[in-house]
Every structure is written in C-alpha cells, then in structure tokens.
Amino acid sequence: MGASLTYPLIEGYTGQSILAWDQHRAITVEEFLGDTSAVAAALPEAGYLVNVCEDRYWFLVAFAAALSRGIPNLLPHNRTPATLAEVRDRYPGAVFASDQDQPEPGQIGLNIPNTARRGTARPFEVPAIAAAQTAAIVFTSGSTGSPKPNVKTWGSMVQIARRTAQRFDLAAGKPASIIATVPQQHMYGLETSIMLPTQHGHAFHRGKPFFPEDVRVALNSAPAPRVLITTPVHLRACLADGVALPELKLIVSATAPLPVELAAQAEDRYGTHVREIYGWSEAGSVASRRTRTDGSWRVFDGSTITRDEDNGRFLLNADFYPAPVPFEDVIEQNSETEFRLVGRSLDMINVAGKRVSLGDLNFKVCAVPGVRDAAFYLPNDSDNVVARLAAFVVAPGLSEKDILEPLRASLDAVFLPRPLIFVDRLPRNETGKLPLNQLDALWKTHRPK
Amino acid sequence: MNAQSTIESEVANLIVTSLNLEKDPGAIVPAQALFGSGLGLDSIDALELAMAISQRYGFKLRSDDPDNGKIFASLSALSVHIERNRTK
C-alpha cells in the first residue's frame, strides 16, 4: 500500500525556469519557492485557508504554502458577502488569504503579497506533498440552499493534471505559456491554469484577461507555444470583436457546451485546434473532444465508464477516486471509454458558463421576507447566446427591488432573474410539484413582448 | 439631475438595445450606477457592451485601464470615456 505516496509540489522546472509572468515581469521557480516558504512560515495554526487571491500567482503561493503545512485550501465559488459569511461560520477559525489591501471585515486575514515580501529566493528544493492529503475543498451550488463542499486530494489533482497534459500534448519538456480567462477558484480554472502548468514545467499568466483586447495583450506578452484556457462566452466575444491573436498551439473551452460552428470559426480564424473539456465538480475534468470533429467525448487515459446495476446510473472510474463518481448529466455510452451527452441534469443549470442548482436558487428566493412562493425558470426560446434566468414570484406588496436586493447579497449577478415576473399563484400540482410544462406555459403568457 | 446629454442618450440607447434590456433608455439616470444595485448589469453585459462600443465607436475597452472602475461607474462616466476615445 502506498501509505506514504507523495507527489512534488511542482514538476518539470529548474530553479531558473519561468513559472509565472505578467506585463511587468517574470517570476522564477526559485523566487516562488522563497515566497512560498515565507508564507508557510507565517501561516497561523489553522484548520483551513480560505484562498480568495485574485492574482493567479499569489493564489498559487497561498495554495502551495497551505499544502506544505498540511492545511486544506477552501475555494468559495463566489465572493458575495453571504457566501463568505457561510464559509466563516462553517469553518470557524479559518484564515482568509487575500491579495487585496482591504480584507473583509471580521476575518482573520493574511495579506499574501506583504507576507511573501519578507522572504528571499530559495535554492531549488521542491517539497513533496502526500497524495492522500486534502489539497482543496471546492464549493458548488447545492440543491438545499447551502454550498456543497467537494474534497480534492493532492493525488487526484496531480493525476488529473497529468492526464490532461498527456491528452493535449503538454507533457513536460516543451515549456508552454498558459493564459486563462477563468478564475482559479473554480475546478476548471484550478485544474487547467494552476495544476496543469505547475506539474509540467509550463509558465502561466498571472491575470484573468476579460475583454478581447485583454486576451490579445496577454497572449502577445508570452512566447510560443501558447495555450488559451477559456469559455464559450469569451471565445464568442473574441470572434465577434475581430481581435487578431498571435499563433496559438491550442484553445481549451469548458463550463458550457461550445457550439460546433463557434469552434469551427475559431479554428479557422486562429489556425489552431479547439478542444473541450467535460467534467463536473465532484469528478473534476474527466474527458475531452475536438468539438469540430468529435461528436463523442473520450475519457482521460486510465479512466473507464461503468454502469451501476442497481439504479442504472453511469459511473466514472479511476484509481485516484475513493469511489466511482456518478455522472451528473444524462449520457449514452458508446464504449468503455467514450460517451455522448444526451441531456443536462434537470437541477444543475448553466448561465454564462456558471453552474447553479435550480433548487438552490428557489430556496434563496423563497427565503426573501414577503415571498410566498417562487420558482426560477431558464427559458429555452431566447435568441441570445447567453440565456438569462427568469423567476416567477408570488409576493403581494413587494417591489422588484425588495426581492433583488437580498438576492444580490447571496447570488452571483449572472443568476439574478431577468425578468422577475409577479404572479398570483404558481401552477403547482396536487403533490406540490411544479411540472416543467406548466412553467413553460406560464412563461409563454408572461414573457416580455 | 435626470436629463441626459446627447451622447448620454445615444449610449443609453446602445446599452438597452445591445443588452436587450426591458427598459426605457431615457429613464436611465446619468449618475446612477450601471452595475450592481443601480441598473443591475453584470460581467456578461460588460462583454456585450464592449463589443457594441467597439463596433459603434471604433475603440476597444481594456480591463487593465487604470480608470476602469470609473469608466463603468455610470452612464455619464461611460459617455465621457467614449467621447475621449472614439475614433468614429
């Protein structure tokens, strides 16, 4: 038994390798090791580190310092006051690691850039981290109104990074420049913009380019081969903008289904391949495809798909999961290693690449004082690329503002209902359920215009 | 003051049409916040708006612009930024 199995904190570098860069300067591995040991030494005895650093490099320093001290990183899925308060209540004494000058009031905070500044570059000695150690706890929207914690061991994160690198020809030996438009606190961003580069000797961009012009500037600040980690929303914005991007080895997209036409257009315009990653929070990245040519998804090497004989659910198996992980979406199995997506989960919906549980949204809107009944609804008749949520509410005497203001404190802004529709009652059936066809009908009579 | 200047009224129209908002452009108060509790725009709207601005006014928004917090602060601030940077 590999009770003492470890994997190095970073791999594929020398002391002078470039680990991260921005428009001002590049950071070497030796400098990173110095920053990390300074932060590790300054971390108080704490059960958890809430890592809300926005700069990707400071995030990694805090992440690595916590790992080397055996402290799990907590990664909240948004930064609304309600989410942070909930994390604080659930994990008392957790230390908040931030790279902002003004920490949230009432939190035991550690400013990572200021703490790291006390350190000096260290010789090239890379700490080994136990595979079984909890590296991160990632939160996702849960159907009961509370964020659901997903525990990630260091071993599983390293294994997924290795399989991703193998699939995308990004193994160590040919340093690449990785630029990501996605946050590192979410599974996809953590796996592709932190773990993938740092386990294979690649350099990553510290920022999170947002507008197409930001993406162009970030890509131009790095040597080839370049990899762009992004989402359908950003890819579409770049194509619509007409921005000229430098040569790209690969574009990776995830978080929402990428339309085939968009993938083909991006491949032609930028002279590269566009590959999609499929995954979900419980499992992490599990499969990929080249959107333009592949209707099916192929799981990463070493994983297999099986079926639970008792309930018919499909399961993903890999030796680094404690137990097989049930698929969240509805799939059709082609073989032990290939599948097609048939339907998305009814509870987990996607708005602009962000996933949320409808149950969670309904719980939150019903909790607003004065709301008697309410239901969120995702229309499927929109011409917009980004479908917006609507919500039906029964709330006599309340204004739109009375409902939106409390929601804003606990929900990511993209999930706020647009429109919010006041109704006298919801078409619940005798068991109290809201059949989807009833909601579709309600939407048809109330939708704008 | 709720009255919109000529450019503000033009930008208000651009916001409402490019984002498909169910709002009267003339009702957007020039000093009101565009994001959060004001008009309620979010990051996806910012991307859409950047596209519309680049097509209409011929310049590209950058998020590392040191004035960025100010640019999107309100209709009047955005209008000033557009007047200053437009190429068409």
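**Exercise 1. At roughly what angle do the axes of helix α1 and helix α4 of chain B cross, and within what distance do they come?** Describe also the residues through which the two helices meet.

*Solution.* The model is a predicted one.

Step 1. Helix α1 of chain B spans residues 6-18 and helix α4 of chain B spans residues 75-85; their axes cross at roughly 105° and come within 9 Å.

Step 2. Angles of 65 to 115 degrees count as roughly perpendicular, so α1(B) is roughly perpendicular to α4(B).

Step 3. On the α1(B) side, the contact is made by Ile7(B), Glu8(B), Val11(B), Ala12(B) and Ile15(B). Their partners in α4(B) are Leu75(B), Ser76(B), Leu78(B), Ser79(B), Ile82(B) and Glu83(B).

Step 4. By class, the residues of this contact comprise seven nonpolar, two polar and two charged.

**Exercise 2. Characterise the interface of chain A and chain B by its area and its residues.**

*Solution.*

Step 1. In the contact between the chains, 24 residues of chain A face 24 residues of chain B.

Step 2. About 2100 Å² is buried between chain A and chain B, and carbon and sulfur atoms give 57% of that area.

Step 3. Of the area that chain A buries against chain B, 27% comes from Phe210(A), Phe211(A) and Arg418(A), more than from any other three residues.

**Exercise 3. Examine the polar and charged pairs across the interface of chain A and chain B, and assign the chain A side to its elements.**

*Solution.*

Step 1. The rule finds six salt bridges across this interface. Arg236(A), for example, forms a salt bridge with Glu48(B), with 3.1 Å between the closest N and O atoms.

Step 2. Eight residue pairs are in polar contact across the interface, both residues being at pLDDT 80 or more.

Step 3. Three elements of chain A give two or more residues to the side that touches chain B: α7 (212-220), α8 (232-241) and α11 (400-408). With six residues, α8(A) gives the most.

Step 4. That side of chain A consists of twelve nonpolar, three polar and nine charged residues.

**Exercise 4. How many salt bridges are there over all chains, and which parts of chain A does the pair Arg206(A) and Asp55(A) link?**

*Solution.*

Step 1. Over all chains the count comes to 30 salt bridges.

Step 2. Arg206(A) forms a salt bridge with Asp55(A), the closest N and O atoms lying 3.1 Å apart.

Step 3. Arg206(A) lies in the loop between β12 (203-205) and α7 of chain A, and Asp55(A) in the loop between β4 (49-51) and α2 (56-68). The pair, 151 residues apart, thus links distant parts of the chain.

Methods:
Residues numbered from 1 in each chain as written. Chains lettered and ligands numbered in written order. Predicted model: local features only at pLDDT ≥ 70, side-chain atom pairs only at ≥ 80, totals over all residues. Heavy atoms only, no water. Contact = heavy atoms within 4.5 Å. Buried area = accessible area lost by both parts, 1.4 Å probe. Salt bridge = Lys/Arg side-chain N within 4 Å of Asp/Glu carboxyl O. Polar contact = N/O pair within 3.5 Å; in protein donor to acceptor, adjacent residues only side chain to side chain. Helix = DSSP H or I, 4+ residues; strand = E, 2+ residues; numbered from the N terminus. Nonpolar A, V, L, I, M, F, W, Y, C, P; charged D, E, K, R; others polar. Axes fitted to C-alpha atoms, helices over the stretch in contact; angles between N-to-C directions. Parallel < 35°, antiparallel > 145°, perpendicular 65-115°, else oblique.
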